[in-house]
Amino acid sequence: MKRAESIILLLAVFTLLFTANSCTEKDPAWLAYHKSTARQDAGGGGIIIVDEDDEQNPDPGSPGEEPGPDDPVQPDPQEPDEPQEPEWPVDNHWFQTRGIILTWEDVVTLDWIALAKTCGINTFSVNGFPSIGGKTWKDYVAKCTQNGIRICYEDHMGSQLIPRSLFKTHPEYFRMNENGVRVDDVNFCVTNPEVQQRVYDNAVELGKAYAPTNHRYYFWGDDFGKKCHCPNCKQYTDVEQWLIVENIVIDALRSFDDKAMLAHLLYDNTMQYPSTKVSPKEGIFLQFAPINRRWDYSIANASARKGNYQTHGYMTDCLKEHLKIFPAETAEVLEYWLDVTMSSGWKKPVKKIAQWYPSVYQQDIAYYASLGIRNIVTYGMWIGGEYLNSFGDIQFVKDYGNGLLNYTK
Ligand SMILES: [Zn+2]
């Protein structure tokens, strides 16, 4: 055997041992995954979505069109600057994260930075940027940082991690439905080794592109997503399947950001009891988003329920069971108190906020605080110029921020 071949063999054996060592008995899916960086683009040239089999015949696509909601986020081609670690002022309030999710249209039609400063909101997630990671993004992040506001990016990312366009050449990458048919509707086959490698590579590119200033990353599964029922995946629940993905993504993020934290979302079909088969890796934090609750009753009211959805008691039991595994101090609640998209049925024109019940809100945050939770974010999308012009009153935003700011246990 030649010397070079011996070295390659030794490296392969080492890689196998390393991978096996990093597995737990609970995580058989991990045996398929290795942390190769072979497909990373050293030039930082964007997210890897080109299929190797397709490189000779690239998809003509539609270069003149605006990207749709399912298209992968494309960062600007320019090389990102080395991120500077902001120096945040000392904050001794109980709720450390007092956040809101907005749209780009909201922040350009309403001075959200000035508004946030009046009521202690200190974290924005802004959806629908013209380009994530580009000059507009960096300029806005810098402006927020100067004003003491952290920026992160909370969104559904299943179709960014494994773009739907790969279905043509690799249907095996995608989820199998209950009838044994591969479908490209949502999410993907989480135990497929090639899928796991692409998830890792694309998470590196995406994470670098939008680098949050609070080190908190969000790679949620596709909205109202379903799980893969293939022979290898079907043993895992919805929440377990996405935890397999998150364990890969946190590795990818920590390859360039050693403080990276990644959300594990309890929401809709992943509002389940904790996994018995998959353990979260260090750096994964719990996120609780009770979209199917009622807002005219506190989340602490165990028997309250909306229609045939789960009761508040079931949701909070899921939360409490997860808090036996995930630290409460890093856990985040993502609420809908100020979600005008929800109030509007997710269709324009905007309608008046419908989930804002001030006394229920106070009961809710006291309940979350009683569980040790110190990070609260609400959707606030479509609170922008159009909302202000239509209804003239956004006092509820200040009441939300001040409620968190002034809360004491
Ligand atoms: Zn599968």
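User: I would like to begin with strand 5: how many of its 6 residues are buried, and what follows for the strand as a whole?

Analyst: A residue is called buried if 20 or more other C-beta atoms, placed from the backbone, lie within 10 Å of its own, exposed if 12 or fewer do, and partly exposed in between. In strand 5, 6 of the 6 residues are buried, so the strand is largely enclosed by the rest of the structure. M261, A263 and L265 point one way from it, while L262, H264 and L266 point the other way. This is a predicted model, in which local features need pLDDT of at least 70 and side-chain atom pairs count only at pLDDT 80 or more, whereas totals for chains, interfaces and linings use all residues. Residues are numbered from 1 along each chain as its sequence is written.

User: Which strands does strand 5 pair with, and over how many bridges?

Analyst: Strands of a sheet pair through backbone hydrogen bonds, either parallel or antiparallel. Here two strands pair if DSSP finds at least two bridges between them, and the elements themselves are DSSP runs numbered from the N terminus, with at least four residues of H or I for a helix and at least two of E for a strand. Strand 5 (residues 261–266) pairs with strand 4 in the parallel sense over 2 bridges, with R216 opposite M261 and Y217 opposite L262. Between strand 4 and strand 5 the chain crosses through helix 7 in a right-handed β-α-β crossover, meaning that, with the strands pointing away from the viewer, the path from the first strand over the helix to the second runs clockwise. Strand 6 (residues 284–288) also runs parallel to strand 5, joined to it by 5 bridges, and there H264 stands opposite L286.

User: In what order do the 8 strands of the sheet lie, and which are the edge strands?

Analyst: The sheet is open and its pairing is parallel, with the strands in the order 3-2-1-8-7-6-5-4. Its edges are strand 3 (150–152) and strand 4 (216–217), each of which pairs on one side only. The protein as a whole has 12 helices and 8 strands, and 41% of its 409 residues are buried.

User: Which residues touch the most other members of the largest nonpolar core?

Analyst: Such a core is a set of buried Ala, Val, Leu, Ile, Met, Phe, Trp, Tyr and Cys residues joined through C-beta atoms within 7 Å. The largest one holds 97 residues, and C189, V199, A203, F219, V249, L262 and L338 touch the most other members. Helix 7 (residues 238–254) gives the most to this core, with 10 residues. Beyond its neighbours within four places in sequence, V249 is in contact (C-beta atoms, placed from the backbone, within 7 Å) with V199, A203, F219 and L262.

User: Which residues of helix 10 are buried, and which are exposed?

Analyst: Y361, D364, I365 and Y368 are buried. They cover an arc of only 90° around the axis, which puts them on the same side of helix 10; the arc is taken from the directions from the helix axis to the C-beta atoms. S359 and S370 are exposed on the other side. The buried residues of helix 10 pack against strand 7 (332–335), strand 8 (375–379) and helix 12 (395–405). After helix 10 comes G372, whose phi is positive, near 90°.

User: How many residues of helix 6 are buried, for comparison?

Analyst: In helix 6, 14 of the 18 residues are buried, so this helix is largely enclosed by the rest of the structure.

Terms used. Contact = placed C-beta atoms within 7 Å.
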